[in-house]
Amino acid sequence: MDYADENKVYSDKTENKAKGFSFYQKIFFLYFLNLVDWFCTEALIASGKFFEANPIMQPVIENFWLTFMLKGLLPLALVAGCCVIYKLLGVEEGFLSRLLLNIGICAYALVNLWHIFNFVLLFFFF
């Protein structure tokens, strides 16, 4: 590899970093937001002043191990599977995957902001 090829490889790597967060960073951040949502929900429900608003999770939230599997292990397995498939296929991050990850991150960020608002209500007004 000559000097021009080395510069090309280096510039490709720096261009990718300049674009923003990688697929892997985004998908693990989404998983992190999922865990924060779970912990905040558990804390708010334990206060006795809040309830689970998600109708799918309402019957599950009482059983720790089932909740752990649905909110902890299943999403982790999906994230790991997506990362493995993404790595094995060696494809570029596409528009649709970038869009779906960004929508998921925004949605979970809004849910977590709602939790923060509820914590403020809990500690200052109840």
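Surface patches are taken here as groups of residues with over 30% relative accessible area and no salt bridge, in which nonpolar side chains are joined within 5 Å. In the structure described below, which is a predicted model, one such nonpolar patch covers about 840 Å² and is formed by Leu110, Leu113, Ile116, Val120, Phe123, Phe124 and Phe125. Of these residues, Ile116 is located in helix 4, the element that spans residues 95-125.

The overall architecture is helical, with four helices and zero strands in the protein, so that, helices being counted as DSSP runs numbered from the N terminus, the order of elements along the chain reads α-α-α-α. The accessible surface of the protein amounts to about 9300 Å², and carbon and sulfur atoms account for 73% of that area. Of the 126 residues in the protein, 27% are buried. When contacts between residues at least 6 apart in sequence are considered, 75% of them are found to join residues at least 24 apart.

The interior contains a largest nonpolar core of 12 residues, which consists of Phe23, Ile27, Leu30, Tyr31, Leu33, Leu35, Trp38, Val79, Cys83, Tyr86, Leu101 and Ile105. At least two residues of this core are supplied by each of helix 2 (23-46), helix 3 (64-89) and helix 4, with helix 2 providing the largest share, namely seven residues. Among the members of the core, Val79 is in contact with Ile27, Phe28 and Tyr31, when its neighbours within four places in sequence are left aside.

Apart from this largest core lies another core, made of five residues, including Leu44, Phe50, Phe119 and Leu122. Leu122, which lies in helix 4, has a relative accessibility of 14% and therefore counts as buried, the limit for that class being under 20% relative accessible area. With neighbours within four places in sequence again left aside, the contacts of Leu122 are with Leu44, Ser47, Lys49 and Phe50. Although Leu122 and Leu44 are 78 residues apart along the chain, their C-alpha atoms are separated by 8.2 Å.

Taken together, these results place residues of helix 4 in several settings: Ile116, a residue of this helix, belongs to the nonpolar surface patch, whereas Leu122, also assigned to helix 4, is buried at 14% relative accessibility and is one of the residues of the five-residue core. Helix 4 is, in addition, among the helices that each supply at least two residues of the largest nonpolar core.

How values were computed
Residues are numbered from 1 along each chain as its sequence is written. This is a predicted model: local features need pLDDT of at least 70, side-chain atom pairs count only at pLDDT 80 or more; totals for chains, interfaces and linings use all residues. Side-chain values use heavy atoms; hydrogens and water are left out. Patches are made of residues with over 30% relative accessible area and no salt bridge: like charges are joined within 9 Å, nonpolar side chains (Val, Leu, Ile, Met, Phe, Trp, Tyr) within 5 Å. Accessible areas come from the Shrake-Rupley method with a 1.4 Å probe; for residues, only the protein chains shown count as cover. A salt bridge is a side-chain nitrogen of Lys or Arg within 4 Å of a carboxyl oxygen of Asp or Glu. A nonpolar core is a set of buried Ala, Val, Leu, Ile, Met, Phe, Trp, Tyr and Cys residues joined through side-chain atoms within 4.5 Å. Buried means under 20% relative accessible area, exposed over 50%, partly exposed in between (1.4 Å probe, protein chains only). Contact means heavy atoms within 4.5 Å.
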